[in-house]
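Me: I'm new to this one, and I'd like some help reading it. Could you walk me through it feature by feature?

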Amino acid sequence: LEIPSASRQLKIDSHGPDDTRSLGVALGRLAAPGDVFALYGGLGAGKTCLALGALEGAGVTSGGRSPTFTLINEHQGRLPVYHMDAYRLDGPADLADLGADEYLYGDGLTLVEWADRVEAALPERRLEIRIIAADASGAEVGRDRRAIGLLARGERYAALLDALAGEWSGP
Ligand SMILES: Nc1ncnc2c1ncn2[C@@H]1O[C@H](COP(=O)(O)OP(=O)(O)OP(=O)(O)O)[C@@H](O)[C@H]1O
Ligand SMILES: [Mg+2]
């Protein structure tokens with residue numbers, strides 16, 4: 001995978017679900033039509049927690065829940081928000097079969113949980129959000145701690161990460 005020229009990274013220590021959610025809210029506030037946020041992390045990492053925050057930040061007022069069984073939930077907030085979960089998919093071809101390009105290259109914000117399972121079907125330009133149960137130094141930590149890595153692939157997302165500092169005071 002070729003990384004688009006403008007790439008920028010941030011690493012954030014989350015001390016609990018409220019931190020992860022509030023980061024999601026800030027990212028959702030900054031979301032623009034066509035944005036893709038790809039969420040990585042194992043079972044129970046906090047992907048849905050962050051995604052539900054992003055729904056709130058994007059102005060979705062009700063109905064947020066995990067799309068593990070529905071695969072795609074569509075919401076209308078300040079902009080359309082498409083929340084996908086690739087956990088039950090076998091690979092990128094499955095995502096394409098769902099007609100996901102309509103969402104991924106559409107007019108809304110698309111959130112993709114388990115992005116690693118369908119990575120090849122995702123746009124090269126995206127915000128990658130990696131949640132791991134360790135602190136920023138990589139050390140295993142307490143039950144509620146998560147390290148959240150944000151990687152901007154493309155200038156749009158580098159600008160979004162620059163704006164994040166003004167939108168979110170941190171944990
Ligand atoms: N710092 C944290 N950030 C997010 N969630 C946390 C944190 N600390 C503890 N948790 C807990 O971890 C769980 C995360 O669940 P969540 O459904 O968001 O994970 P997920 O990555 O979507 O998992 P799955 O892949 O199974 O859907 C919740 O029970 C939440 O309360
Ligand atoms: Mg989930």
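**Charges, a metal and a core**

Reply: Sure, let's start with one residue: Glu119 is partly exposed, with a relative accessible area of 31%. Buried means under 20% relative accessible area, exposed over 50%, and partly exposed in between (1.4 Å probe, protein chains only). Glu119 also belongs to a network in which salt bridges with shared partners join Glu119, Arg126, Glu128, Arg130 and Arg153.

Me: Before we go on, what kind of model is this?

Reply: This is a predicted model, where local features need pLDDT of at least 70, side-chain atom pairs count only at pLDDT 80 or more, and totals for chains, interfaces and linings use all residues. Residues are numbered from 1 along each chain as its sequence is written, chains are lettered from A and ligands numbered from 1 in the order in which they are written, and side-chain values use heavy atoms, leaving out hydrogens and water.

Me: How many salt bridges are there by the rule used here?

Reply: The general idea is that side chains of opposite charge can pair when their charged atoms come close. The rule asks for a side-chain nitrogen of Lys or Arg within 4 Å of a carboxyl oxygen of Asp or Glu. That gives seven salt bridges here. In the network, Arg126 meets Glu119 at 3.5 Å, N to O, and Glu128 pairs with Arg126, their closest N and O atoms being 2.7 Å apart. Arg126 counts as buried because its relative accessibility is 0%, and Glu128 is buried at 0% too.

Me: Which residue does Arg8 form a salt bridge with?

Reply: Asp162, with the closest N and O atoms 2.5 Å apart. This pair links distant parts of the chain, 154 residues apart: Arg8 is in strand β1 (residues 7–14) and Asp162 in helix α5 (residues 155–167). Helices (H or I, at least four residues) and strands (E, at least two) are DSSP runs, numbered from the N terminus.

Me: Which residues coordinate the magnesium ion?

Reply: For a metal, look for donors: N, O and S atoms within 2.8 Å (3.2 Å for Na, K and Ca); water is not among the atoms, so sites may look incomplete. Here Thr48 (OG1) and Glu113 (OE) coordinate the magnesium ion (ligand 2), at 2.1 to 2.4 Å. Thr48 lies in helix α2 (residues 47–57) and Glu113 in strand β5 (residues 109–113), so the pair ties together parts 65 residues apart in sequence. Glu113 is buried, at 2% relative accessibility.

Me: And what does Leu95 touch?

Reply: Contact means heavy atoms within 4.5 Å. Not counting residues up to four places away in sequence, Leu95 touches Met84, Leu89, Ala100, Leu104, Val118, Ala121 and Leu122.
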